[in-house]
Structures are given as structure tokens and as C-alpha cells.
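Have the structure open in your viewer, with a selection box and a surface display to hand. The stops below each begin with something to select.

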Amino acid sequence: MYATEWHTVHAAKTEHSAWAILPDLLTLFHVASVLEVGCGNAHWTSVAVMNGVGDHLAVDGPWNVVDDLVIDPDHYQVRDLTKPLAIGRQFDMAICLEVAEHLDLEYADIIVDSLASSADVIVFSAAIPLQGGFRHVNEQWGSWWRAKFSARGFEAFDLIRPKHWSDTNIHFWYRQNTFVYVRTSNAAAIAAAKARQQELYAGPIMFDAVQPEKYDEMASYRTIQGKRLAKRLPRWLVSRLRLALHL
């Protein structure tokens with residue numbers, strides 16, 4: 001996972017992203033309780049709280065600095081995301097954004113199971129192949145994750161990208177990768193999601209897409225040459241450079 005310095009550097013834009021995306025979803029699904037998995041400094045949880053969600057919990061690994069949290073530490077727990085969360089209760093919504101790519105492939109089903117057991121509505125994003133970042137060890141297309149949630153009784157909805165695709169004030173990874181998964185047995189939530197989906201567009205969901213700004217970055221000759229050079233450097237040095245450059 002990213003060190004706390006990364007979250008601090010990106011804090012303002014992360015909070016803006018949460019404010020742009022989350023309030024509408026909280027209203028749409030009548031959310032009164034939220035779980036954020038892999039929270040970093042917990043900006044998304046903070047925005048939920050400021051929108052009236054008093055019942056909330058954020059979890060992340062031991063690398064987080066509690067003093068940097070933007071929520072009450074009493075609502076935060078240190079958890080190993082490679083193991084089932086087993087919180088022992090349900091929330092109206094679970095949020096897990098740009099976290100799953102940091103877990104080795106063998107733990108992908110565990111993180112999905114943890115989310116599926118925690119809420120009927122899941123706001124989820126994970127880095128796509130070649131997106132890049134510090135310790136991205138399992139970058140997968142959205143359709144790959146969709147299959148896993150579908151196997152656990154969840155339907156995918158594209159409620160974020162159509163509204164925010166071109167808003168560069170939001171981190172590109174949220175605009176590119178975020179889907180809402182709803183448990184099919186929750187009739188009210190499914191009806192709300194389907195109605196909103198039809199308002200946004202009527203066509204089939206295109207799960208695997210790349211933001212233009214990310215494509216330009218990846219396709220530049222300078223980046224390509226840099227990646228070739230990185231392959232020749234020791235892994236420990238590449239990791240330190242990425243951290244220093246906030247990549």
C-alpha cells in the first residue's frame with residue numbers, strides 16, 4: 001500500500017473527488033452506514049460523515065499513521081486485508097478504491113469476499129493493466145473484477161464514469177475504474193441502480209477503458225524509454241524512486 005505521505009500529497013484532490021462522487025450515491029441508496037476498506041487517510045469516510053453518515057468504520061494496514069486520519073480514530077481499525085475482515089456486521093455501503101491492485105493475486109478472492117460479506121452496495125475500483133503505481137502487483141481490467149462480484153451475487157452498474165469521465169479535478173483512476181456493485185437480492189437497491197443507469201445511458205456497459213490522460217502518459221516515448229530503463233534497475237531502487245516521485 002502507499003505510505004501515508006502519498007495520501008497527504010494527494011489529499012486535496014482526493015477529498016474533492018469524494019465530494020464530487022459520493023453524496024449522490026449516499027442519497028440514491030439511502031445510506032446510513034459506511035465501511036471504507038483500504039482507507040488511507042479516510043477522506044472518503046470523512047465526506048460520508050459530513051453528509052450525515054454517523055455510522056462509519058474505516059480500515060487499513062499498519063503502515064497508516066493514525067495522527068494523519070481525517071476521521072475520529074475511534075472509527076478506525078488496523079486490519080490485514082489479505083485475511084477475511086470478519087467485522088461481524090453489515091453496512092449499507094462498502095467503499096474500496098484503488099486498493100485491490102496492491103494485494104497479490106492469491107488474495108483477490110479474499111478482498112472480494114470481505115466486501116461482499118460487508119454490504120449490499122459496494123463502490124469499487126482497482127488499477128487496470130499498465131496503470132502503474134507503487135507496489136501494483138495485481139492490475140486487472142474491470143471485467144475481471146466484475147466476474148468475481150457476479151459470482152457472489154452482485155450486479156455491476158456504471159454510475160460514476162458517465163458523469164465524471166471528463167472532470168480533471170477528480171483523480172483519473174476514480175473516473176476510469178470505479179463501478180458500483182449491488183447485491184441482486186436487494187430489490188430496492190437494484191431498482192434504484194437500474195433507474196439511474198438508464199438515466200445515464202441505455203447501452204451495454206463497457207468495462208475496460210482507459211482515460212485519455214493516462215493513455216497519453218503511457219504512450220509517450222519518454223515514458224516507454226523510462227520503463228525500459230526501469231527494467232534494468234534493481235527492484236528496490238525502482239520502488240524508492242516511485243515513492244519519492246509519488247507514483
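Select Phe 29 and show everything around it in this predicted model. Leaving aside residues up to four places away in sequence, Phe 29 touches Met 93, Val 121, Leu 159, Val 180, Val 182, Ala 189, Ala 192 and Ala 193. Phe 29 belongs to the largest nonpolar core, which has 31 residues; there, Leu 25, Phe 29, Met 93 and Val 180 touch the most other members. To see where this core comes from, colour the elements that give two or more residues to it: α2, α3 (43–50), β4 (91–97), β5, α7 (172–177), β7 and α8. Helix α2 gives the largest share, six residues. Another core, of 28 residues, lies apart from this one, and Leu 81, Leu 115, Phe 124 and Phe 207 are among its members.

Next, go to Leu 22, which lies in helix α2. Is Leu 22 buried or exposed? Its relative accessible area is 1%, so Leu 22 is buried. Its contacts, not counting residues up to four places away in sequence, are Trp 44, Val 47, Ala 48, Met 93 and Ile 95. For a distance check, pick the C-alpha atoms of Leu 22 and Val 123: these residues are 101 apart along the chain, and the atoms are separated by 9.3 Å.

Now select helix α8, residues 187–200. From first C-alpha to last, the 14 residues of α8 reach 20 Å, close to the 20 Å expected at 1.5 Å a residue. Show the side chains of Ala 189, Ile 190, Ala 192, Ala 193, Arg 196 and Gln 197, the buried residues of α8. Why do they lie on the same side of α8? They cover an arc of only 165° around the axis, which places them on one and the same side. An α-helix has 3.6 residues a turn, so residues three or four places apart point the same way. Turn to the other side of α8 and you find Ala 187, Ala 188, Gln 198 and Glu 199 exposed. Add α2 (11–28), β5 (119–125), β6 (154–157) and β7 (179–183) to the view; they are included in what covers the buried residues of α8.

Stay with α8 and switch on the surface to find the second largest pocket, which holds about 200 Å³ of space. Its lining is Arg 146, Glu 155, Ala 156, Phe 157, Lys 194, Gln 197, Gln 198, Tyr 201, Ala 202, Gly 203, Ile 205 and Phe 207. Both β6 and α8 supply at least two residues of that lining.

An enclosed space comes next. How many cavities of 30 Å³ or more does a search of the whole structure find? The search finds one. About 70 Å³ of space lies in the largest cavity. Of the 13 residues that line it, select Ala 126, Gly 142, Trp 145, Asn 177 and Phe 179, which lie nearest its centre. The elements β5, α5, α7 and β7 each supply at least two residues of this lining.

Move to helix α4, residues 108–116, where Ala 108, Ile 111, Val 112, Ser 114, Leu 115 and Ala 116 are buried. The cover over these residues includes β1 (33–37), β4, β5, α5 (142–151), β6 and β7.

The loops are the last local stops. Gln 90 sits in the loop between β3 (76–78) and β4, and counts as partly exposed at 40% relative accessibility. Gln 90 touches Ser 33, Ser 117, Ser 118, Ala 119, Asp 120 and Arg 183, not counting residues up to four places away in sequence. The C-alpha atoms of Gln 90 and Ser 33 are separated by 8.7 Å, with the two positions 57 residues apart along the chain.

In the loop between β3 and β4, also pick Ala 86. Its phi is near 50°, a positive value in a residue other than glycine. Most residues other than glycine have a negative phi. Ala 86 is exposed, with a relative accessible area of 65%. Then pick Glu 98, in the loop between β4 and α4. The phi of Glu 98 is positive too, near 55°, but Glu 98 counts as buried at 11% relative accessibility.

Finally, zoom out to the protein chain, with its eleven helices and seven strands. Of its 247 residues, 49% count as buried.

Key:
Residues are numbered from 1 along each chain as its sequence is written. This is a predicted model: local features need pLDDT of at least 70, side-chain atom pairs count only at pLDDT 80 or more; totals for chains, interfaces and linings use all residues. Side-chain values use heavy atoms; hydrogens and water are left out. Helices (H or I, at least four residues) and strands (E, at least two) are DSSP runs, numbered from the N terminus. The expected span of a helix is 1.5 Å times one less than its number of residues. Buried means under 20% relative accessible area, exposed over 50%, partly exposed in between (1.4 Å probe, protein chains only). The arc is that of the directions from the helix axis to the C-beta atoms. Contact means heavy atoms within 4.5 Å. A nonpolar core is a set of buried Ala, Val, Leu, Ile, Met, Phe, Trp, Tyr and Cys residues joined through side-chain atoms within 4.5 Å. On a 1 Å grid over the protein atoms alone, a cavity is a set of points where a 1.4 Å probe fits but cannot get out, and a pocket is an open set with protein on both sides within 12 Å along at least five of seven lines; lining residues have an atom within 4 Å of a point. Grid points are joined across faces, edges and corners, and a volume is the space filled by probe spheres set on the points.
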